[in-house]
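Dear colleague,

I am handing over the structure below, and after it you will find what came out of going through it. Please keep it open beside this message as you read.

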Amino acid sequence: MLITALVFSSAAHVFASETEQNAQGIALDETTAAAFLDAFFSSDTVSRFHIGAAVTIVKGGEILAQQGFGYADIADQTAVDPEHTLFRIASVSKTFTAVAVMQLVEQGKIDLHEDILTYLPGLNLVNPFDKPVTVADLLTHRSGLEVRDPETSDIHTDFDYYISIEDYVAERLPPVVREPGTAYMYDNFGYLLLGLLVQEVSGEPYEEYMAKHVFEPLGMESTGYLLTDEALERLVTGYDLSFQPVEPYVINPTVMPHGGMLSTAEDMGKFMIAFLNGGALDPDDENTRILSEQSVEEMTVYRSFIHPLLPNTTYGFEAYIQFPMAGVSEAILTKAGDVPGNSSMLLLLPEERVGVFMTFNTQTGLRDLFYLDFLNTFFPQYVQPVELEAFEPYPPEQLAGLSGYYTDLRLSGIVYKVDVAGDGTLVITDAKLGPRQLTQVGDRLFIDQIASYFTAFHLDESSGRFYMKEPYVNPLGYARQGEIPQGFADIAPDNAYAPFIYALQSIGIYPNDASQNFAPEEGITRAELVYDLLRISGVKAPEPDQYSFQDIAGHPLAAYIQFAHDMGMVKGDGTGNFLPDRLATRQEVAAMIWQVYSALYPTELFADVPLAGEVASWANNAVKMMVTFGYHGPELAWTENGADFQAQKTLTRQEAAAIYHQLMLQPADVIIAQLMQQQAQAANP
């Protein structure tokens, strides 16, 4: 996300700024499309943030531009070829799964509003609610399923290993944890179930169904799901954020309806033309039809909103990032996708019969920049600020119910704190941006002070808690308000650590049971510390095949300790042991966090932080970082010699709660940016 901000600040509107626009934008044709692409990809800033890319732009049933940029492989100096180079298109695959579902709806084999168990009777789905999960719920990411994203162990390099969709679903099927149809959470597993549903209803293996009924009619000869030898030869080399090559990999299950498609920019152009033609590549040739005009129309309608200015999803598409004071137009359809070594996007404007497919062989913020710049250049009418009706903001007491802590439904490590200020504005705080002010402009609709983007709230009547959708940290889903904390029997309300402890109780890190004791001054073990740090980050550690420490086998938290070791967070005592049940010191928690953060932040940034008290040499940089980021509670003391972190003292449970709270809400990147600015000013007064 830092890359996105950096690129946007220096390269936005690289083409629009050089060309006079009228009120309707520049007319999109072959000449202007080519000029836009040349200007965009020749920008010095843009070229620094991608290795290779392919783009296809279509309009009115014709290809306006189809180009490759940069390298498919740096080592071999292989250029990207939009007709030949295969890209992983990641979650753009979901749009194609939705197409298959709609085909079966046309045939009367699927009812969108029917219980999915009608079509998957063998599914052992745990659903405690009176409402069933429908096919439409899966299509619109409102199933209520507990999040089940691919795990680290699902990504591997054994190309001979095969796991079927049905076996994977049987092993990983999540329960329903929210009332179906009530909340939007981007759901990979939901679309995996749709793929299984297509397979079961059609009686054909999913990949064969797609080849026969979608790809072949459109002449998408290079598109599929299996990494055959031929596909591997054509597959673009992916690169990580450091521009190092990503080793070729596969993800379980072997065929992924929710994210496993391989395709070329040329093939994706054929799909866009067909969709924008009302379902046929050639309207005069029914053999090229994949959908009826009615089904295409059904897929273009947004069916989930938290507010009319903030649509969520259609059948197969989603709303993307907002424009200032504009929200998101329902005339814009997108589907974005990311996997290691790839970012892709499908952008459609059905009213204009315009489509764009873009794909990069790095995970890059350039996709966002392209989207913003393309629409501002050619179709500014869709991104103009809305005229809001006059609205009298509610008094603070009427907004009080919105306050509290919110956790993202999909990424539980994302936490927000919402406060109501005395003037009736909201203040929302998160670990990406820190605090930002929200001013009310409509019923449960607010606009922020940063970029004039909207944030909206919706009351879940069944629980009495609010959902929130905000534009920055994770706009593809809702965050849910935590429970009212009940406190602990041994935590007085005036305890200096009570706000931290209650916050963690509200979001489910600690049990919300006032009859229990918290034992605030007891020490926390090294194993418990590792478990808590990973848990507040939203990590569920898989069971490892082997352990790196000889003293953790059989320990109830062994999987978390091993996961922490694999990610470089812990290193043990140097003799092959971890000592999981030894009480942790404060400098040990600092070292664990630093061993993750040190790859992000240079040591010299913290060099001038003065420390008092004894600190082990191996923890010195870590403790300075903790002081800089505010990762501590009221126990930190400032003396004339510097900050006394009490580094060698045993970490207590209440002190750990303060650190966890601050980790979830202190904006490290913002603090670093401010620190760098201060250091630059000091060096050049």
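**A mostly covered helix**

Helix α15, which spans residues 526-536, is mostly covered, since 8 of its 11 residues are buried. Please keep in mind throughout that this is a predicted model. The buried residues of α15 are Arg526, Ala527, Leu529, Val530, Asp532, Leu533, Leu534 and Ile536, and what covers them includes α16 (558-566), α17 (586-597) and α19 (653-665). After α15 comes Gly538, whose phi is positive, near 80°.

**A bent helix and a buried glutamine**

Helix α8 (residues 206-218) has 13 residues, and from its first C-alpha to its last it reaches 17 Å, which is close to the 18 Å expected at 1.5 Å a residue. There is nevertheless a bend in α8 of about 35°, located at Lys212. The buried residues in α8 are Tyr206, Glu207, Tyr209, Met210, Val214, Phe215, Pro217 and Leu218, and the elements that cover them include α4 (93-106), α6 (165-172), α7 (188-202) and α10 (265-276). Gly219 follows α8 and has a positive phi, near 70°.

It is worth turning from here to a residue of α4, namely Gln103. Is Gln103 buried or exposed? Its relative accessible area is 5%, and because a residue counts as buried when this value is under 20%, Gln103 is buried. Leaving aside neighbours within four places in sequence, Gln103 is in contact with Tyr209, His213, Val214, Ile290 and Leu291; of these, Tyr209 and Val214 are among the buried residues of α8.

**Strands that pair**

Strand β13 (residues 404-408) and strand β14 (residues 415-420) run antiparallel and are joined by 4 bridges, and in this pairing Tyr405 has Lys417 of β14 as its bridge partner. The two strands β13 and β14 form a hairpin, with 6 residues between them. On to the next strand, β14 is also joined by 4 bridges to β15 (residues 426-430), again in the antiparallel sense, and here Asp419 stands opposite Val427 in β15. β14 and β15 likewise form a hairpin, this one with 5 residues between them, and Gly424 in its turn has a positive phi of about 90°.

Elsewhere there is an open sheet of 3 strands, with the order β21-β23-β22 and mixed pairing. Because β21 (611-612) and β22 (637-639) stand at the edges and have a single partner strand each, one side of each is left without a neighbour in the sheet. The pairing of β21 with β23 (residues 642-644) is parallel and runs over 2 bridges, with Asp644 in β23 as the bridge partner of Ala612.

**A buried glycine**

Gly442 lies in strand β16, which covers residues 434-442, and with a relative accessible area of 9% Gly442 is buried. Gly442 and Glu389 are 53 residues apart in sequence, while in space they are 8.1 Å apart from C-alpha to C-alpha.

**Empty space inside**

How many cavities of 30 Å³ or more does a search of the whole structure find? The search finds 4 of them, and the largest cavity has a volume of about 80 Å³. The lining of this largest cavity is made up of Leu310, Pro311, Ala319, Tyr320, Ile321, Gln322, Val328, Lys469, Glu470, Pro471 and Pro475.

With best wishes

Conventions: Residues are numbered from 1 along each chain as its sequence is written. This is a predicted model: local features need pLDDT of at least 70, side-chain atom pairs count only at pLDDT 80 or more; totals for chains, interfaces and linings use all residues. Side-chain values use heavy atoms; hydrogens and water are left out. Buried means under 20% relative accessible area, exposed over 50%, partly exposed in between (1.4 Å probe, protein chains only). Two strands pair if DSSP finds at least two bridges between them. The expected span of a helix is 1.5 Å times one less than its number of residues. The bend at a residue is the angle between axes fitted to the seven residues ending there and the seven starting there. Contact means heavy atoms within 4.5 Å. On a 1 Å grid over the protein atoms alone, a cavity is a set of points where a 1.4 Å probe fits but cannot get out, and a pocket is an open set with protein on both sides within 12 Å along at least five of seven lines; lining residues have an atom within 4 Å of a point. Grid points are joined across faces, edges and corners, and a volume is the space filled by probe spheres set on the points.
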